[in-house]
Amino acid sequence: MSEESKPDLPPAAQRALAEAAERRAQAEAEAKANPRPVELGGRDGLDPARYGDWEKKGIAIDF
């Protein structure tokens, strides 16, 4: 996000947006440098802890 796109923001908000963008870029660089290990024998698809789809052998479990 550039300063020209949001000129009505106060300087503190613009600094916060710039710092957040920098943190996101740093986190992406760290994720590329240190990828997560592959889970052997794990589930396929989306993370059930994040999306709430706990299912094993046709039985759905909701916490």
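## Reading a small predicted chain

The protein chain of this predicted model has 2 helices and 2 strands.

Me: In what order do the elements of the protein chain run from the N terminus on?
Reply: They go α-α-β-β, with α1 spanning residues 11-33.

Me: Where in the protein chain is confidence lowest, and where highest?
Reply: Start with what the score is: pLDDT gives the predictor's confidence in each residue, from 0 to 100. Here the protein chain averages 78, and 56% of the residues score at least 70. Confidence is highest in α1, at 94, and lowest in strand β1 (residues 54-56), at a mean of 65.

Me: How much of the protein chain is made up of buried residues?
Reply: Buried means under 20% relative accessible area. In this case, buried residues make up 3% of the 63 residues. The accessible surface comes to about 6,200 Å², and carbon and sulfur atoms account for 54% of it.

Me: Let's try one residue. Why is Leu9 called partly exposed?
Reply: The partly exposed class sits between the 20% and 50% cut-offs. Leu9 has a relative accessible area of 27%, so it counts as partly exposed.

Me: And where does Leu9 lie, and which residues does Leu9 touch?
Reply: Leu9 is in the segment before α1. Leaving aside residues up to four places away in sequence, Leu9 touches Gln14 and Leu17.

Technical notes
Residues numbered from 1 in each chain as written. Predicted model: local features only at pLDDT ≥ 70, side-chain atom pairs only at ≥ 80, totals over all residues. Heavy atoms only, no water. Helix = DSSP H or I, 4+ residues; strand = E, 2+ residues; numbered from the N terminus. Buried < 20%, exposed > 50% of the residue type's maximum accessible area, 1.4 Å probe, protein only. Areas by Shrake-Rupley, 256 points an atom, 1.4 Å probe, with all protein chains shown as cover. Contact = heavy atoms within 4.5 Å.
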